[in-house]
Amino acid sequence: MSRSAPKSARYPTSPTADLPSESGYSSVLGRNIHALQERQRIEQVRTPLQDRIADAVTRFCGSMAFVCLHAVVVLGWIAANRNWLPGLPVFDESFVILATAASVEAIFLSTFVLISQNRAAAAANARADLDLQINLLSEHEITRLLALTAAIAERLGVEEAEDPGLAELKQHVAPEKVLDELQRDR
């Protein structure tokens with residue numbers, strides 16, 4: 001494939017297909033990276049406008065630019081109301097307006113942050129569910145492979161096939177029992 005091929009052409013859909021040699025990693029990894037990037041792009045497109053606004057506000061409010069802007073505004077407000085800036089009238093001598101504005105701003109900013117945190121938590125929960133499903137599938141596959149390998153070893157007369165610990169390892173894990181046990185320990 002040429003270097004100018006579109007991304008979809010560079011990343012195979014088959015986990016066993018070869019990636020171009022310049023990729024530096026396996027075809028499975030490339031496919032997974034591409035699938036995750038595509039999923040993120042789709043989710044970003046599907047994100048409602050109000051959530052994108054909340055994320056943008058949260059991103060800006062968590063930046064040094066926001067801190068600097070606030071420092072300039074508050075210091076300017078204080079300087080104007082202490083009469084340190086000639087030509088500007090005092091408009092908030094007791095700083096009540098500044099305190100009220102800061103309180104209202106804090107209410108809105110905390111709401112934007114909570115909206116963004118809720119979305120991040122939902123995404124983290126979805127990733128955790130995916131991880132759990134993949135881990136359960138992997139456990140099942142490994143258990144089957146162990147049973148098949150042990151059967152082959154036994155048939156070939158390999159001594160390790162008689163290891164008593166293999167019997168326990170060949171049993172499938174019941175995730176509901178593991179969860180019950182974890183709940184008991186809490």
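## Largest pocket and the H4–H5 contact

H5 makes the greatest contribution to the lining of the largest pocket, supplying 8 residues. The structure described here is a predicted model.

**The pocket.** The volume of the largest pocket is about 940 Å³. Its lining comprises 18 residues, of which Leu36, Arg39, Gln40, Glu43 and Arg127 are the closest to the centre. At least two lining residues come from each of helix H2 (27-46), helix H3 (49-61) and helix H5 (96-156). Sorted by class, the lining holds 7 nonpolar, 4 polar and 7 charged residues.

**The helix pair.** H5 also packs against helix H4, which spans residues 64-81; the two axes come within 11 Å and cross at roughly 160°. An angle over 145 degrees counts as roughly antiparallel, and H4 and H5 are therefore roughly antiparallel to each other. The crossing in which H4 passes H5 is right-handed.

In this contact, Phe66, His70, Val74 and Trp77 of H4 meet Ile97, Leu98, Glu105 and Leu109 of H5. By class, the residues of the contact divide into 6 nonpolar, 1 polar and 1 charged.

The class composition of the two sites is set out below.

| Site | Nonpolar | Polar | Charged |
|---|---|---|---|
| Lining of the largest pocket | 7 residues | 4 residues | 7 residues |
| Contact of H4 with H5 | 6 residues | 1 residue | 1 residue |

Helix H5 thus has a part in both sites: H5 gives 8 residues to the pocket lining, and Ile97, Leu98, Glu105 and Leu109 in H5 meet residues of H4.

Definitions and conventions:
Residues are numbered from 1 along each chain as its sequence is written. This is a predicted model: local features need pLDDT of at least 70, side-chain atom pairs count only at pLDDT 80 or more; totals for chains, interfaces and linings use all residues. Side-chain values use heavy atoms; hydrogens and water are left out. On a 1 Å grid over the protein atoms alone, a cavity is a set of points where a 1.4 Å probe fits but cannot get out, and a pocket is an open set with protein on both sides within 12 Å along at least five of seven lines; lining residues have an atom within 4 Å of a point. Grid points are joined across faces, edges and corners, and a volume is the space filled by probe spheres set on the points. Helices (H or I, at least four residues) and strands (E, at least two) are DSSP runs, numbered from the N terminus. Ala, Val, Leu, Ile, Met, Phe, Trp, Tyr, Cys and Pro count as nonpolar, Asp, Glu, Lys and Arg as charged, and the others, Gly among them, as polar. Axes are lines fitted to C-alpha atoms, for helices over the stretch in contact, and angles run from 0 to 180 degrees between N-to-C directions. Angles under 35 degrees count as roughly parallel, over 145 as roughly antiparallel, 65 to 115 as roughly perpendicular and the rest as oblique. A crossing is left-handed if the near helix is turned anticlockwise from the far one by less than a right angle, and right-handed if clockwise. Contact means heavy atoms within 4.5 Å.
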